[in-house]
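User: I would like to go through this structure with you, beginning with how the terms are defined. Could you take my questions one by one?

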Amino acid sequence: MLILHFCLTPLAAAPYRICEALNMLEGVTARSIVLDAQGYSKLSFPSDLIWSEHKAEILALLEKADLLHLHNFVGLDCDKFTPIDFQALWDKDMPMVRHFHSNPDSICSYLKITRQQLDDCPIPKLVLCQFQERYYPTAKTIPNVVTNFTRSTSEPSDTIRIGYSPSNFRTAREKRWDTKGYHETKRLLINFMHKANRQGLNVELDIMERVAFDECLKRKAACDIVIDDLVTGSYHMSALEGLASGTIVLTFADNRVIAETMKLTQGQFPPIINTKLEELQNVLFHLAKNRALISHIKQATYDWMQTYWQPKERAQQFVVIYQQVIADPKAQFPLRYDPQSTSDLWFAIDQYDVAWKARHKFWPTQNTGIVFKLKRKIYRVLKILGLK
């Protein structure tokens, strides 16, 4: 079975890691094709085939492919990989899946299409079992894949090292999902470190901003605790990376994210410490005063990932889906909830949005500052000019 993955940007190496895992299985070959390998500026991610450098090889592979796995912004009308015509291939019954990593608003905004046009895409859909799934009721849920299980390099000591790697610099209230509450989280972490040190607790903070992928993984593995998203109600790839290295992960997952993830892991949820932004300092103080507890949780975390999130097992979930689609390329996956039902929408989406807004009053006062706003504008200009 030959599977080709197409994506415009590295998507935090998610397609690449799926292919890594698939290639661990006998009889499966998977190749990841990216249009712009530098899509995240200096946040470089590993890549396999780059369109501008390997076009001839990619076109040759296309002739032998059993299924095309299209990611996020790549749909039937995508013309970024010309002369590949995805619509024509679809019309000829080429098996395909379309895998969503972002919420529909982000995709529609980028592609300049309506939500209805996105929903009308006839390709069988896949979606991450994190926050994204609630917006795609016709999609089959799948997990993010982690292939690097390098054990945490932090040695037992009196110093507790905390890592935070924000993927963007938005405030907690700025976006519903595309944020990790950078300003508020950073402010609370720095405040905690100063308080802890004054109380005689040895705490170090490593804030990883605009750090290359490999370096970021190494620095996370050197931490005792990794902070993911405490704001929105969903964990991210950063959380899984931390868990895979045997690091304690603090993130906030709402009930829906927990339930959907457990469907894919034999009823088990990753051993995160489920923590809201407004609970952060209390949780950190408890951990900082219990060094033995930190060691026990780190071991339990690593053991859980070894048992329930092995890449071969995650890859096999994709293979089962591929086999179904190859057998019947035009068949859609079963509807998971009724998007026309007011009650279904309340339980899937609205109740969590209401709870998120209610939490705003407990968060630090939003104050991005003139200096940061200027810094962000300068960065955007440099990126446009190709200097970042």
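Analyst: Helices and strands here are DSSP runs numbered from the N terminus, with at least four residues for a helix and at least two for a strand. Please note also that the model is predicted.

User: With that settled, where is K112?

Analyst: K112 sits in the loop between α4 (104–111) and α5 (115–119). Its phi is positive, about 60 degrees, although K112 is not a glycine.

User: And is K112 buried or exposed?

Analyst: K112 is exposed, because its relative accessible area is 73% and the cut-off for exposed is over 50%.

User: Which residue other than glycine has a positive phi near 55 degrees?

Analyst: That is R210, which is found in the loop between β9 (202–207) and α7 (213–221). R210 counts as partly exposed, as its relative accessibility is 25%.

User: Changing topic: which residues does the cis peptide bond join?

Analyst: The cis bond joins T82 and P83, with omega at about 20 degrees. P83 belongs to the loop between β4 (67–71) and α3 (86–91).

User: Since β4 has come up, what is the strand order in the open sheet?

Analyst: The open sheet has 7 strands, and they run in the order β3-β2-β1-β4-β5-β6-β7 with parallel pairing. At the edges are β3 (49–50) and β7 (140–142), each of which pairs on one side only.

User: How many bridges link β1 and β4?

Analyst: Strand β1 (residues 2–7) pairs with β4 over 4 bridges, in the parallel sense. One residue pairing concerns I3, whose bridge partner in β4 is L67.

User: Now the helices. How many residues of α1 are buried?

Analyst: In helix α1 (residues 14–22), 7 of the 9 residues are buried, so the helix is largely enclosed by the rest of the structure.

User: Which ones are they?

Analyst: The buried residues of α1 are A14, P15, R17, I18, C19, A21 and L22.

User: What about the surface: which residues form the nonpolar patch there?

Analyst: W346, F347 and V354 form that patch, and together they have about 320 Å² of accessible area.

User: Where is V354, and how accessible is it?

Analyst: V354 lies in helix α13 (residues 342–358). With a relative accessible area of 48%, V354 is partly exposed.

User: Why do residues three or four places apart in an α-helix point the same way?

Analyst: An α-helix has 3.6 residues a turn, so residues at that spacing point the same way.

Technical notes. Residues are numbered from 1 along each chain as its sequence is written. This is a predicted model: local features need pLDDT of at least 70, side-chain atom pairs count only at pLDDT 80 or more; totals for chains, interfaces and linings use all residues. Side-chain values use heavy atoms; hydrogens and water are left out. Patches are made of residues with over 30% relative accessible area and no salt bridge: like charges are joined within 9 Å, nonpolar side chains (Val, Leu, Ile, Met, Phe, Trp, Tyr) within 5 Å. Accessible areas come from the Shrake-Rupley method with a 1.4 Å probe; for residues, only the protein chains shown count as cover. A salt bridge is a side-chain nitrogen of Lys or Arg within 4 Å of a carboxyl oxygen of Asp or Glu. Buried means under 20% relative accessible area, exposed over 50%, partly exposed in between (1.4 Å probe, protein chains only). Two strands pair if DSSP finds at least two bridges between them.
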